Amino acid sequence: MDKDRKKTKHVFSISELAAQLDISPRTIRFYEQKGLINPRRTPGNQRVYTSKDRARLKLILRGKRFGFSLDEIAEMIGMADTDMDEVSQIRKSLDYGRKKLNEIRDRMKDLIILEQDLLAVQKKLETRLKELTKEEFP
């Protein structure tokens, strides 16, 4: 009986998977439509998700959280109907990760400049306000 348990993979319905990952079933269907996951179907045409589908969804969600586009995520993890080897997956992820870090660093520099500009304008406005209030209200 233990052999049978090992052969049986845990499967999830779309609502179970959505609840586990805190996303909507519609989001899962969208990723399927984009070719990022490819669930099996029951004879009644209901989607059935495996642990592999769940893992892919977690990778997709992580990629989205890091700011990657779905096209970039697809390149990093491969499409659902292709088998991408782990070395290629890691290399793609590293390339995109480096690019994303550079983008973040550039944005941080821009934000520092913006902050300095805003502080300078604020100081000028405060100075001008003091001048105006002294003139109007001795």
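**Helix packing, nonpolar core and loop residues in the predicted model**

Helix 2 passes helix 4 in a right-handed crossing. This arrangement, like the others described below, is taken from a predicted model. The axes of these two helices come within 11 Å of each other, and the angle at which they cross is roughly 40 degrees. Because angles under 35 degrees count as roughly parallel and those from 65 to 115 as roughly perpendicular, helix 2 and helix 4 are oblique to each other. On the helix 2 side, the contact is formed by Leu17, Gln20 and Leu21, which meet Arg54, Leu57, Lys58 and Leu61 of helix 4. Classified by residue type, this contact of helix 2 with helix 4 contains 4 nonpolar, 1 polar and 2 charged residues.

Helix 4 also packs against helix 5, with the two axes 10 Å apart and at an angle of about 135 degrees. Helix 4 is therefore oblique to helix 5, since an angle must be over 145 degrees to count as roughly antiparallel. The crossing of helix 4 and helix 5 is right-handed. Arg56, Leu59, Ile60, Gly63 and Lys64 of helix 4 are met by Leu70, Ile73 and Ile77 of helix 5. The residues of this contact of helix 4 with helix 5 comprise 5 nonpolar, 1 polar and 2 charged.

The largest nonpolar core consists of 20 residues, and the members that touch the most others are Ile28, Leu57 and Ile60. Two or more residues of this core are given by each of helix 2 (14-21), helix 3 (25-33), helix 4 (51-65) and helix 5 (70-77). Helix 5 provides the largest share, 5 residues. When neighbours within four places in sequence are set aside, Ile60 is in contact with Tyr31, Leu36, Ile37, Leu70, Ile73 and Ile77. Ile60 thus has a place in the core and in the contact of helix 4 with helix 5. Leu57, in turn, belongs to the core and is one of the helix 4 residues that meet helix 2.

For the protein chain as a whole, the secondary structure comprises 6 helices and 2 strands, arranged along the sequence in the pattern α-α-α-β-β-α-α-α. Buried residues account for 21% of the 138 residues in the chain. Of the contacts between residues at least 6 apart in sequence, 48% join residues at least 24 apart.

Several loop residues were also examined. Val11 is placed in the loop between helix 1 (2-7) and helix 2 and is partly exposed, with a relative accessible area of 33%. Although their positions lie 37 residues apart along the chain, the C-alpha atoms of Val11 and Val48 are separated by 6.2 Å. Residues up to four places away in sequence not being counted, Val11 touches Glu16, Arg40, Val48 and Tyr49.

Asp22, a residue other than glycine, has a positive phi value near 55 degrees. Asp22 lies in the loop between helix 2 and helix 3 and is exposed, its relative accessible area being 71%. A positive phi value, near 70 degrees, is likewise found for Asn45, which is located in the loop between strand 1 (40-41) and strand 2 (47-48).

Notes:
Residues are numbered from 1 along each chain as its sequence is written. This is a predicted model: local features need pLDDT of at least 70, side-chain atom pairs count only at pLDDT 80 or more; totals for chains, interfaces and linings use all residues. Side-chain values use heavy atoms; hydrogens and water are left out. A nonpolar core is a set of buried Ala, Val, Leu, Ile, Met, Phe, Trp, Tyr and Cys residues joined through side-chain atoms within 4.5 Å. Buried means under 20% relative accessible area, exposed over 50%, partly exposed in between (1.4 Å probe, protein chains only). Contact means heavy atoms within 4.5 Å. Axes are lines fitted to C-alpha atoms, for helices over the stretch in contact, and angles run from 0 to 180 degrees between N-to-C directions. A crossing is left-handed if the near helix is turned anticlockwise from the far one by less than a right angle, and right-handed if clockwise. Ala, Val, Leu, Ile, Met, Phe, Trp, Tyr, Cys and Pro count as nonpolar, Asp, Glu, Lys and Arg as charged, and the others, Gly among them, as polar.
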